[in-house]
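Please open the model in your viewer and keep the selection tool at hand. The stops below are meant to be followed in order.

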Amino acid sequence: MSTHAPNEARVIPLRPQTSPPASGGATRAPQRPAGAPPAPAPREPLWRDLVGGVLRRERLAQERTLKDVAQTARISMPYLSELERGRKEASSEVLAAAARALGLGLGDLLSLAQDELARYAPSRVGQSRMGGGRTSPTARFDGLCLAA
């Protein structure tokens, strides 16, 4: 038998909950114990998450439904939903069809996704130029390259 009230939902958090900041004072960053390893650097997002986010934002900005865009792109509505949520890796043909259905070119879609990626990670190209040497033979290029 359950110990919670019958009309209350039991919530199981997926991530550890953080305690609320103490009231009446400024919040401080938590201190690492001595000898503890440094916190890992934030991970760069996956390309499929970035592209999916761009597709969803463009669709919502146009106030269009999944069904409408999927029909125009000639892909299934569940598949488009999976793309938008970053759960599927789409082929270039599918991405081009989804972009066209939203009035974008494939280059526009990928450029918007690349702009998102640039917000997440500091440019290693800029760092290598300032440091005097290049870290890779392609470090002088600021563009986006996709290979299929």
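**Helix 2 and what covers it**

Begin by selecting helix 2 together with its surroundings, where the cover over its buried residues includes helix 1, helix 3 (77-84) and helix 4. This is a predicted model, so the side-chain atom pairs described here count only at pLDDT 80 or more. Within helix 2, which spans residues 66-73, highlight Leu66, Val69, Ala70 and Ala73, the buried residues of that helix. If you then look down the axis of helix 2, these buried residues fall within an arc of 100°, and they therefore line one face of the helix. Moving on past helix 2, select arginine 74, which follows the helix and has a positive phi, near 60°.

**Arginine 64**

Next, go to the loop between helix 1 and helix 2 and select arginine 64, which has its place there. Its side chain reaches the backbone oxygen of alanine 101 at 2.5 Å. With neighbours within four places in sequence left aside, the contacts of arginine 64 are Arg59, Val69, Thr72, Ala101 and Leu102.

**Helix 5**

Finally, select residues 106-120, the 15 residues of helix 5, and take the distance from the first C-alpha to the last, which is 22 Å and close to the 21 Å expected at 1.5 Å a residue. Which residues of helix 5 are buried? They are Leu109, Leu110, Ala113 and Glu116. Viewed down the axis of helix 5, its buried residues lie within an arc of 115°, so they line one face of the helix. To see what covers them, add helix 1 (47-61) and helix 4 (92-101) to the selection, since both are included in that cover.

Conventions: Residues numbered from 1 in each chain as written. Predicted model: local features only at pLDDT ≥ 70, side-chain atom pairs only at ≥ 80, totals over all residues. Heavy atoms only, no water. Helix = DSSP H or I, 4+ residues; strand = E, 2+ residues; numbered from the N terminus. Expected span 1.5 Å × (residues − 1). Buried < 20%, exposed > 50% of the residue type's maximum accessible area, 1.4 Å probe, protein only. Arc of directions from axis to C-beta. Contact = heavy atoms within 4.5 Å. Polar contact = N/O pair within 3.5 Å; in protein donor to acceptor, adjacent residues only side chain to side chain.
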